[in-house]
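Let's take a walk through a protein together, stopping at its rings and helices along the way. Keep the picture open beside you as you read.

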Amino acid sequence: MRIAIAFDGQYTSAARNMLSSLSRCLSPKSGVRISALMTDDSPSADVVEHAKSRGLDLEVVRLRRDLSDLPLLRYLTGATYARLFLPELVPDDVALYMDVDVVLMRDVTELFATDLRDRPLAAVRDMWRPNLHEALAGGGSGQFAPDAPYFNAGVMLCNLRQWRRENLTERALDWLASQDQVPVCLEQDVLNALTHGRWIELDPRWNVFPMTDFRDIPPEAWPPRLGTEYHAYRDQERRAFVLHFIGSRKPWRHPYPDTENLRRYRHFTTPTIEDVTPNPVTSPSRPTPPTVEDVTPNSVTSPSRPTSPAVPETPSLALTGRRRPATFPAAVIGYPNEHDEDPRSRRRKRPRFV
């Protein structure tokens with residue numbers, strides 16, 4: 001079984017934390033091999049040594065592509081595109097891809113029992129933008145049914161044999177180059193557009209967002225469902241198999257609200273300077289360690305704890321690249337909800353091997 005992750009120097013601490021949680025959930029004889037897809041020359045020895053200390057078999061695979069002409073969000077780097085190149089970076093027919101800004105509380109090898117048939121992938125419907133028509137508004141969404149589901153690409157069981165058969169990587173690059181507007185969620189939008197109606201929907205507990213941690217942002221920036229379904233989201237977080245910290249605000253950076261989700265994340269964190277720096281918004285000390293229910297690999301419940309005071313509004317998000325930046329509302333820390341109103345029509349270059 002193959003698990004693939006992707007990160008660069010900015011997400012090294014997150015990768016260590018994710019691997020720590022993974023090691024707690026895997027069976028000692030799982031036989032899992034981990035491929036760390038890295039798009040730059042960031043030092044990887046620390047992560048390799050950390051994985052080894054946790055009994056994990058991890059190899060670093062370098063993506064030798066020039067991705068400088070592809071668009072980025074300010075809080076994302078070229079590593080976000082690595083998942084598109086899985087068919088040429090790993091030899092397996094099936095691989096489980098996971099972002100490193102996750103915490104695992106269940107053995108993810110259970111997902112390999114999913115019957116993919118001739119489907120390109122299996123994933124969880126996105127909690128923030130669940131409908132394809134809504135997610136790709138302004139980007140050719142008219143060709144999709146209003147109720148067509150949209151998945152989050154942070155946890156995907158990928159049928160790489162089918163990806164190769166469909167030449168999905170090259171088609172994705174062509175799709176990116178053909179867009180007059182920068183896709184709001186970059187390669188995630190691409191994969192949804194190319195596989196709509198042909199992906200398998202997984203149990204939502206395999207990719208749960210910490211939605212209740214967003215309550216400190218102005219209500220107008222929430223998804224409409226957050227205000228009316230707050231308690232349902234909180235219950236989902238407690239029952240999560242994989243907790244996914246989407247957006248620009250991350251639990252390994254300050255400030256982050258002192259919540260139950262942060263305590264879950266911090267349980268697996270190796271202390272760093274960033275971890276011990278006092279958080280002026282929450283507390284000068286590290287959060288209280290989680291209870292047994294929080295860290296048991298197959299647990300789906302945990303006791304509730306009160307949330308902390310709200311944190312200041314995060315800075316505006318902006319698209320980077322050669323197009324004129326499009327600034328999004330400062331309150332939107334997850335998915336931007338506005339496009340640049342005056343996109344340039346010049347097409348973007350294709351990535352090239354270097």
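The paragraphs below visit the aromatic rings first and the helices afterwards. Bear in mind that this is a predicted model.

Let's begin with the rings. A pair of aromatic rings is described by the distance of the centres and the angle of the planes. The structure holds 7 aromatic pairs. In one of them, Y11 and W252 sit 5.4 Å apart, centre to centre, with 70° between their planes, an edge-to-face arrangement. Now find these two along the chain: Y11 belongs to the loop between β1 and α1, while W252 belongs to the loop between β11 and α10. They are 241 residues apart, so to speak of this pair is to speak of a link between distant parts of the chain. Are Y11 and W252 buried or exposed? Both are buried.

Another pair to look at is W206 with F241. Their ring centres are 4.8 Å apart and their planes meet at 65°; angles over 60 degrees count as edge-to-face, so this pair is edge-to-face. W206 is in the loop between β10 and α8, and F241 is in the loop between α9 and β11, so the pair ties together parts that lie 35 residues apart in sequence. W206 has a relative accessibility of 6%, which means that it counts as buried. F241, at 5%, counts as buried too.

F241 has a further partner: R106 lies over the face of its ring, 4.4 Å from the ring centre. In a similar way, R129 lies over the face of Y150, at 5.2 Å from the ring centre. As for Y11 and W252, ring pairs link them with F245, Y256 and Y265 into a cluster.

Time to turn to the helices. How do the axes of α1 and α2 cross? They come within 10 Å of each other and cross at roughly 10°. Angles under 35 degrees count as roughly parallel, which is why α1 is described as roughly parallel to α2. On the α1 side, the contact is made by T12, A15, R16, L19 and S20, and on the α2 side by D46, V47, H50 and A51. These contact residues divide into 4 nonpolar, 3 polar and 2 charged.

Our last stop is helix α6, which spans residues 168-178. Its buried residues are L168, T169, A172, L173, W175, L176 and A177. What do they pack against? Their neighbours are β4, α3, α5 and α7.

Methods: Residues are numbered from 1 along each chain as its sequence is written. This is a predicted model: local features need pLDDT of at least 70, side-chain atom pairs count only at pLDDT 80 or more; totals for chains, interfaces and linings use all residues. Side-chain values use heavy atoms; hydrogens and water are left out. Rings of Phe, Tyr and Trp (its six-membered ring) pair if their centres lie within 6.5 Å; planes under 30 degrees apart count as stacked, over 60 as edge-to-face and the rest as tilted. Helices (H or I, at least four residues) and strands (E, at least two) are DSSP runs, numbered from the N terminus. Buried means under 20% relative accessible area, exposed over 50%, partly exposed in between (1.4 Å probe, protein chains only). A charge sits over a ring if NZ of Lys or CZ of Arg is within 6 Å of the ring centre and within 35 degrees of the ring normal. Contact means heavy atoms within 4.5 Å. Axes are lines fitted to C-alpha atoms, for helices over the stretch in contact, and angles run from 0 to 180 degrees between N-to-C directions. Angles under 35 degrees count as roughly parallel, over 145 as roughly antiparallel, 65 to 115 as roughly perpendicular and the rest as oblique. Ala, Val, Leu, Ile, Met, Phe, Trp, Tyr, Cys and Pro count as nonpolar, Asp, Glu, Lys and Arg as charged, and the others, Gly among them, as polar.
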